[in-house]
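User: Could you pick one part of this model and take me through it closely? I'd also like to see how that part sits in the rest of the picture.

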Amino acid sequence: MDKQTEFVLRTIEERDIRFIRLWFTDVLGTLKSVAIAPAELEGAFEEGIGFDGSAIEGFARVHESDMLAKPDPSTFQVLPWRGDTNSVARMFCDIHMPDGSNSYADPRFVLKRALSKAADLGFTFYTHPEIEFFLFKELPPSGVAPEPIDSVGYFDHSPSGKGHDFRRSAITMLEAMGISVEFSHHEGAPGQQEIDLRYADALTTADNIMTFRTVVKEVALQQGLYASFMPKPFTQYPGSGMHTHMSLFEGDKNAFYEPGAAFQLSKVGKAFVAGILHHAPEITAVLNQWVNSYKRLAGGGEAPAHVCWGHNNRSALIRVPMYKPGKGNSSRIEIRSLDSATNPYLAFAVLLSAGLKGIENDYPLPAEAEDNVWSLTDIERTALGIRPLPTSLSSAISAMEESELVAETLGEHVFDFFLRNKRAEWDEYRKQVTPLELAKHLPIL
Amino acid sequence: MNSESLSVQVLRSHLVALGSANLDESVEILDKLRDIFDLEELIAELSLTADVDLVLQQTAQLVANATLGDFFQLPGARHRWLQLAGVSKALSVFCIQNPIESMEILRTEEITWNFGQALSAAIALNSQSDAQSLSDASNRLRKQYRIELLKIALADLLGEASFETTALRLSDLADATLEAALVVAVREVQPSADCSLSLIAMGKTGGRELNYISDVDVLFVVDDVAEEHLSRVLRESTLIAQMVMHIVSSPQMELPLWQIDANLRPEGKDGALVRTVSSYKNYYERWAETWEYQSLLKARPMAGDRHVGESFVAMVQPFIWRAAERENFVSDVQSMRKRVIENIPAMHTERELKLGVGGLRDIEFAIQLLQLVHGKTDEAIRSSNTLVALDCLTRWGYVGREDAETLRATYIFERQLEHRIQMFEMQRTHLLPESQADLRRLGRLLGFKAEAADGLLKSLHQYRYEARRLHEKLFYKPLLQAVARADSDVVRMSLDAAITRLAALGFQDPEAAIRHIQFLTSGVSRRAIIQRNLLPVVLAWMADTPNPDGGLLRFRNLSESMGETPWYLRLLRDESLVLQRLARLLCVSPFIASMLERTPEAMSVLGSDDQLFPREKSALILEMQQTALRQRDFAAGVEAIRRIRQRELIRIATADVFQVITTEIVLQALSELTDAALESAYQSYLEFHPGPNVEISIIGLGRYGGSEMAYSSDADVMIVFEGTGEVESESAYAFDFASTLQRTFATPAVGPTLKIDFDLRPEGKNGPIARTLSSYREYYEKWSLTWESQALLRARCVAGNSILGQDFLNLIAPLRFPEHGLSEIELRDIRTMKARVESERLPRGIDPKFHLKLGPGGLSDIEWLVQFVQLNFAHDFPDLKSTSTITVLEQLTKVIGLSESDVVDCKRAWLLAATIRNYLYLVDSKDSDVLPSQSLTLKIIAYLLHEENSANILEQWMRLSRRARKIFTQVVYEMPLT
């Protein structure tokens, strides 16, 4: 077998690791974990560890539920928060069927399929997420508003320093797990933080995002705090997005870079943007998968609600950042609708597929939106050919239902499960009577 | 005659006779050689060479380059030169460039062999002060290598050495070369004393069966040392290993010898070049894959520290012989085999000696596989040399004796041919050249005289054909001996070994398989003898399917019921296509198997594709009717009809399994077969039971009416009759006919039952089972419901009086093709009815998505879609007046503006559902509409659909059915109609 696997087994012996956590992700993006002893690991590499798939959201039908989790040795990491003695390590897994074939229900396999399609066209896909989240003093009981740890704003250096300490510990821990952090700062809302990960290939990034969420929650707990990736916990403050920079490489060459072109954005890059714009409504349910996600998109400001692109336009769905001279390989585009509570495997898979569709079919890039799209009137937007993104989970589901692109990318199994699950979420939500209704209607009706 | 008297004219005619293709030049050369040769003698000797033009060209160059002395006067030397020049351009050029050394060898009558001495002399330091540079040493080594190679080639060409000896010498020469290179490298690196490196030969070198030129596979091993010295020792030994490779294969004055290939090492190209013995052990304990263990079969110490080499080889033994116990051994081996066969680019198949079925790799692979399977318990077969291993396997009964001889002859023939091809330019190739001249030269070298090129190709083809045929049986034949109880002197494989082998070939229950084989082959009956002969290949064919266990059991059953029938045995013995198809059918379909057991004579249809096309309906009717009328009564007549129907079902199902016909044709053929059965039953009823003057017509409905019957379908029909006399007796006659028909086709008998279903008639189960035309008219005028109109869309006159049938169809035309389409109320009716049916008719506990008939996008949805459009538009679009789903689907672009891709999606979904549903019946012999998500059944269905991964079938079905459902919804539920 390969070097990686050998390395894993050696490390386990050398570092006296007592448990290995096998991680995988369900269709909704929740991390699942099963712990095994080192003695079982060789078997796990060869054949996988059996589990009951029907207990996992979206995995299998009840009567045919045997599945196997097969660890990917290249994702091996010791978990730093478990200490140096009796350590615990983790690996991400691929999910297999008993006959050895990959499970179509496994989000990691969804992304791998999309990546291999890109590879067929000669591309590798790189992403770089800026993950926002909130730090609260604690997880409040149901019905009580959460309390942020501070009340400062964008880039502020908070005097209490709690957020600062937090970010330092979280970053140390991430780095200990081999996840490079590019940048971190306080975001616009009270208690809101942003940590940017270094760019990496999409599969690694998706694994990293899953790890990131766990690390952040873990560190918060250690400091007696509570961290949340809920897209929009406060009506009055901005929500937590996950702006993600994307680029395609052909070998060592950034395929989005073309010197002399407008914004140095190549034909491939333009078509990729056009692809995402063209398919934006139908992929939104995947990028913004919760009822709550649409509260963020409706909130204005940094969150986009319309299908358009711009150069340094922070209200656009896709932003083409300023080109830094001499950095051809850093050419990229940024998707701004994505939120921190998405399933990163599925999200990257649909973004990539939409972009590739644009390249394959040579979609023309619509004109750049130069104004703040929020400040335009509906009529002005219509005149400019700017469509709205779906405004609710319900309309996002309807758009997705019609999408062959999404069905093909997710595979029929995940596509079907996702739609059913999200429709149920919406049905449950629309029966709710909200505080707003009570406050507005009760006094007068 | 004196050579001076040979005129140019005469020379020319001699050369023509010798097959010269380059006459002018050769005549000229020959003419110039007068002074040196006795031309008479020369011409006689040229006739023994492979390529006269080449020989002359090389000779002219030699003459021009070298001081010859009496060289060409020595008959031995002359002969050797001419032979060499006709075979190897590369070696004769070497002689021309190094005339002194080479001519000495060509003069030698008795060659002495000591490669080690010769090569170490070449690189020895002549004195203390001789500071030989690395490239000096390298060049000297290479030159000496070629001198030794020249000797080997000469002994080979002159027939002094067998193929085995030549291959052995080539390996020994490679050993000596690396040993000498190692001496140079050590001299250069000056390693510490504890750095003891050993080179392990792998591949053909390891087996001591090397080619003239090919990569030499090597592993580098060092002795274990204490931890603190490890990194130094590895550093030094890696340097030595790299230098050895450099000495042999880097660009220098003298051309490189060959590549040293160290990629069989752990982790291949990415792995460390040198490891310690225990590091190798660590790796093999944990990580190696089946092919790596297989490659270790060949491991042999070739140079460097003997002790280390031997301890390495001893260390790997247990790993090799435990490989067959590994969990994935069977599937690994199968996929490795597949890779061997599939890896050849199509353009090269015929010319490729190494790859392909019956090619060298295939033969080697088969032998190694048998060694891996049985070597664990039997040390006698553990040789690293292909031919020696084959001999041992034969001696101990693991391979049949005749098979072994064929394999051996094929292997040697192909290897010899490969040697001759490689020698020409000393190029590493396994491709047969294309040009006639090359083929002719090779043919002559291998002993084909006249028509040498043709003879060579034919012979190669024959050898490969034999090897290929034998391959199928190779693994299976000895199994039979293992289970045979007869005492004999023949050494047999043990029963345990047989079980091991069956498991390795994919049998889930090898013990049961052994019992079946025992049953089939024991005894001295003719049956047992024939089955002993054919079983090896039958087992091989079965092992290619997902269910060999089931196939073997059913083969046994068939043999039990048929075994004494002479023609059955003859059929199996003579018709190999029949046997091949039978073996596969028995594995995949119990339904066909049980029919074959009951109608063995139908087996003859397996013999050719022509036989598998469905027969004309009229021919069927004729045969069925005449056979029925020869019986004593109507019941016996129907039994005869059913027997013929069974034979035809076998034909259709077999054609279906082997995809000789498409699903559309299968469905139609099944429907026409039913038409023929009903028509002939009707005719014989009239004969056996003459009654009042009454006409009867049978109207088909449902999928039967649509000529889209599946294996599991009932025949939905209605009976219409019309008389001229007394209504009471006439209707009694018609009722009798209908119920007798239904009963006789449903009683247990030889052929499968055919359920004749009258439930779609007016008033359903409460209504009379036959009506007159006017009674139907009355009913439909008064009571007709929308669903009945819908059902009538598929009405077709299938048997009986066709004029009456047509009258009936005219009668219902206004119902099924209403003039203004459906009214608003009817529209609402039909929509709500469909919605209700969807929620009510699906069985509980089943995921609707996988219900092929009633699930979303299933057969029923698409048929409703079609019928819905027909009810609304058929009056205005006569093209819609068809009972066939596919025909109407194709009209939908024109009629309701459905996009062409939507139409294609619907067609594909409908056909896939129909195909899978039919296959489910063939595979499970029960009527099931649910696509299983993981099981042997799904695996077999995937096999029938030529789909490797069964999960892909689920994905494909979900995709097509989802699209079909969307289109269905848009039309049936949402299309605005007023």
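Analyst: Here is a close look at one helix, followed by its surroundings.

First, a bit of housekeeping: this is a predicted model, in which local features need pLDDT of at least 70 and side-chain atom pairs count only at pLDDT 80 or more, while totals for chains, interfaces and linings use all residues. Residues are numbered from 1 along each chain as its sequence is written, and chains are lettered from A and ligands numbered from 1 in the order in which they are written.

The part I'd zoom in on is helix 45 of chain B, residues 950-973. Helices here are DSSP runs of H or I with at least four residues, strands are runs of E with at least two, and both are numbered from the N terminus. Why this helix? Start with the meeting of the two chains: 16 residues of chain B are in contact with 21 residues of chain A, where contact means that the C-beta atoms, placed from the backbone, lie within 7 Å. On the chain B side of that meeting, helix 45 gives the most, with six residues. Sorted by class, that whole side of chain B has nine charged, four polar and three nonpolar residues. For the classes, Ala, Val, Leu, Ile, Met, Phe, Trp, Tyr, Cys and Pro are nonpolar, Asp, Glu, Lys and Arg are charged, and the others, Gly among them, are polar.

Helix 45 of chain B also has a partner within its own chain. Its axis and that of helix 40 (residues 859-873) of chain B come within 9 Å and cross at roughly 30°; axes are lines fitted to C-alpha atoms, for helices over the stretch in contact, and angles run from 0 to 180 degrees between N-to-C directions. That makes helix 40 of chain B roughly parallel to helix 45 of chain B, since angles under 35 degrees count as roughly parallel, over 145 as roughly antiparallel, 65 to 115 as roughly perpendicular and the rest as oblique. The crossing of these two helices is left-handed, meaning that the near helix is turned anticlockwise from the far one by less than a right angle (clockwise would be right-handed).

Who touches whom? From helix 40 of chain B come B:D861, B:I862, B:W864, B:L865, B:F868 and B:V869, and they meet B:A964, B:R965, B:F968, B:V971 and B:V972 in helix 45 of chain B. By class, this helix-helix contact has nine nonpolar, no polar and two charged residues.

One more residue on helix 45 of chain B deserves a mention, B:T969. B:T969 has 15 other C-beta atoms within 10 Å and is partly exposed; a residue is buried with 20 or more, exposed with 12 or fewer, and partly exposed in between, with C-beta atoms placed from the backbone. B:T969 and B:T885 are 84 residues apart in sequence, and their C-alpha atoms are 17 Å apart in space.

Now zoom out to the chain that carries this helix. Chain B has 45 helices and 10 strands. Its radius of gyration is 39 Å, well over the 30 Å that the globule rule gives for 978 residues, so chain B is more spread out than a compact globule. The radius is taken over C-alpha atoms, and the rule is 2.2 Å times the number of residues to the power 0.38. Along the principal axes, the C-alpha atoms of chain B fill a box of roughly 130 × 80 × 70 Å. Buried residues make up 46% of chain B.

For a second helix pair in chain B, try helix 2 (residues 23-32) and helix 4 (residues 52-65), which pack at an angle of about 45° with their axes 10 Å apart. Helix 2 and helix 4 of chain B are therefore oblique to each other, and their crossing is left-handed.

And the chain on the other side of the interface? Chain A has 13 helices and 18 strands. Its radius of gyration, 22 Å, agrees with what a compact globule of 445 residues would have. The C-alpha atoms of chain A fill a box of roughly 65 × 55 × 50 Å along the principal axes, and 47% of its residues are buried.
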